[in-house]
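Q: Please take a close look at the part of this structure that carries a domain annotation, and describe it carefully for someone who is seeing it for the first time. Please also go on to whatever adjoins that part.

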Amino acid sequence: MRVLLVEDDEDLSGRIAAVLRSENFVVDIARNGEDALHAGLTELFDVAILDLGLPKIDGVSVLKEWREGSRNLPVLVLTARDGWPDKVASFKAGADDFLAKPFKVEELVLRLRALVRRAAGHAAARLTCGALVFDAQLGTFELDGLPLKLTALEWRVLSCLMLRKEIIVDRRELTERVYDGDAEVDSNSIEVIIARLRKKLGGDRIETVRGRGYMLTAAAAP
């Protein structure tokens, strides 16, 4: 789950990013509206956290331009401006959720996971694909009723495939959602992660669709 965190307070953005990364989110940070606007229009994110009081371009204007540019990523407005007019302006501009400062980071994490899940078309928190179960709110996987131990990168790849189960996910899309924007990525890194996941899940659960990407599917009956 790749997050665009738009917050000009360096200390606050650092604390939020640290917690989100500990919860397996990939986090890109923008500290002004101009950078946020460009990132949201040109890069791939699962969700955005957007402050309203930003340098250069205010948050509501950024959100309006994202929507006018057909960027449909879910957006959670996180701001100290908790008055009714600010909420109205945010939702009219296209916000999906609104959280006022001060806030509990645990609540922020739960709201982000819910936004990502619903944007992928899932109403229920527990997703299943054969014997594989993903609790999208808790962030846990089970296989055949037992907890599945995953590295952070394995978790990111599998959660992306699980949210889009039975749908082909492009290799480039996986790469963008798994790694931070400034990370150095080897050309075969996704293939290595997929190979490790196949060992843990069983080789028939993740299909390679040649020239297109990967698809998580229920294992074929023996």
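A: The UniProt record, an unreviewed entry, places the feature "domain: Response regulatory" at residues 2-116. The model in which we look at this span is a predicted one. Within the model, the span is 48% helix and 20% strand, and the C-alpha atoms at its two ends, residues 2 and 116, lie 10 Å apart.

A good place to begin is helix α5, which covers residues 105-119, while the annotated span ends at residue 116. Because a helix is expected to advance 1.5 Å a residue, the 15 residues of α5 should span 21 Å, and the C-alpha atoms at its ends are indeed 21 Å apart, in agreement with that expectation. The buried residues of α5 are Leu108, Val109, Leu112, Arg113, Ala114, Leu115, Val116 and Arg117. These buried residues pack against two helices, α1 (10-22) and α6 (152-163), and against the strands β3 (47-50), β4 (75-79) and β5 (97-100).

The packing with α1 can be described in more detail. The axes of α1 and α5 are 11 Å apart and meet at an angle of about 55°, and the two helices are therefore oblique to each other. The crossing in which α1 passes α5 is right-handed. On the α1 side the residues that take part are Ile16, Val19 and Leu20, and they meet Val105, Leu108, Val109 and Leu112 of α5. Leu108, Val109 and Leu112 also appear among the buried residues of α5.

Another pair of helices in the annotated span is arranged in another way. Helix α3 (residues 59-68) and helix α4 (residues 84-93) have axes that come within 8 Å and cross at roughly 20°. An angle under 35 degrees counts as roughly parallel, and α3 and α4 are therefore roughly parallel to each other. Their crossing is left-handed. The contact is made by Val60, Leu63, Lys64 and Arg67 from α3, together with Ala89, Ser90 and Ala93 from α4.

The loops of this span deserve a look as well. Glutamate 43 sits in the loop between α2 (33-42) and β3, and, with a relative accessibility of 30%, glutamate 43 counts as partly exposed. Leaving aside residues up to four places away in sequence, glutamate 43 touches Arg2, Asp28 and Arg71. Glutamate 43 and leucine 73 are 30 residues apart in sequence, and their C-alpha atoms are 11 Å apart in space. Serine 70 belongs to the loop between α3 and β4; its phi is near 65°, which is a positive value in a residue other than glycine. At 54% relative accessibility, serine 70 counts as exposed. Ahead of α5, in the loop between β5 and α5, is proline 102, and the peptide bond that leads from lysine 101 to proline 102 is cis, with omega near -5°.

Moving on from the end of α5, the chain comes to glycine 121, which lies just after the helix and takes a positive phi of about 95°. Histidine 122 is found in the loop between α5 and β6 (126-129). With 16% relative accessibility, histidine 122 counts as buried, since the cut-off for buried is under 20%. The contacts of histidine 122, again without residues up to four places away in sequence, are Arg117, Leu127, Met162, Leu163 and Lys165. Of these partners, Arg117 is one of the buried residues of α5. Histidine 122 and leucine 163 are 41 residues apart in sequence, yet 7.8 Å apart in space from C-alpha to C-alpha.

Further along the chain, glutamate 166 lies in the loop between α6 and β10. The phi of glutamate 166 is near 65°, again a positive value in a residue other than glycine, and at 43% relative accessibility glutamate 166 counts as partly exposed. Helix α7 (residues 171-178) is mostly covered, with six of its eight residues buried, namely Glu173, Leu174, Thr175, Glu176, Arg177 and Val178. The buried residues of α7 pack against β1 (2-6), β2 (26-30), α6, β10 (169-170), α8 (189-201) and β12 (213-216).

Conventions
Residues numbered from 1 in each chain as written. Predicted model: local features only at pLDDT ≥ 70, side-chain atom pairs only at ≥ 80, totals over all residues. Heavy atoms only, no water. Helix = DSSP H or I, 4+ residues; strand = E, 2+ residues; numbered from the N terminus. Expected span 1.5 Å × (residues − 1). Buried < 20%, exposed > 50% of the residue type's maximum accessible area, 1.4 Å probe, protein only. Contact = heavy atoms within 4.5 Å. UniProt positions renumbered as here; feature names shortened; annotations may be inferred. Axes fitted to C-alpha atoms, helices over the stretch in contact; angles between N-to-C directions. Parallel < 35°, antiparallel > 145°, perpendicular 65-115°, else oblique. Left-handed = near helix turned anticlockwise from the far one by under 90°.
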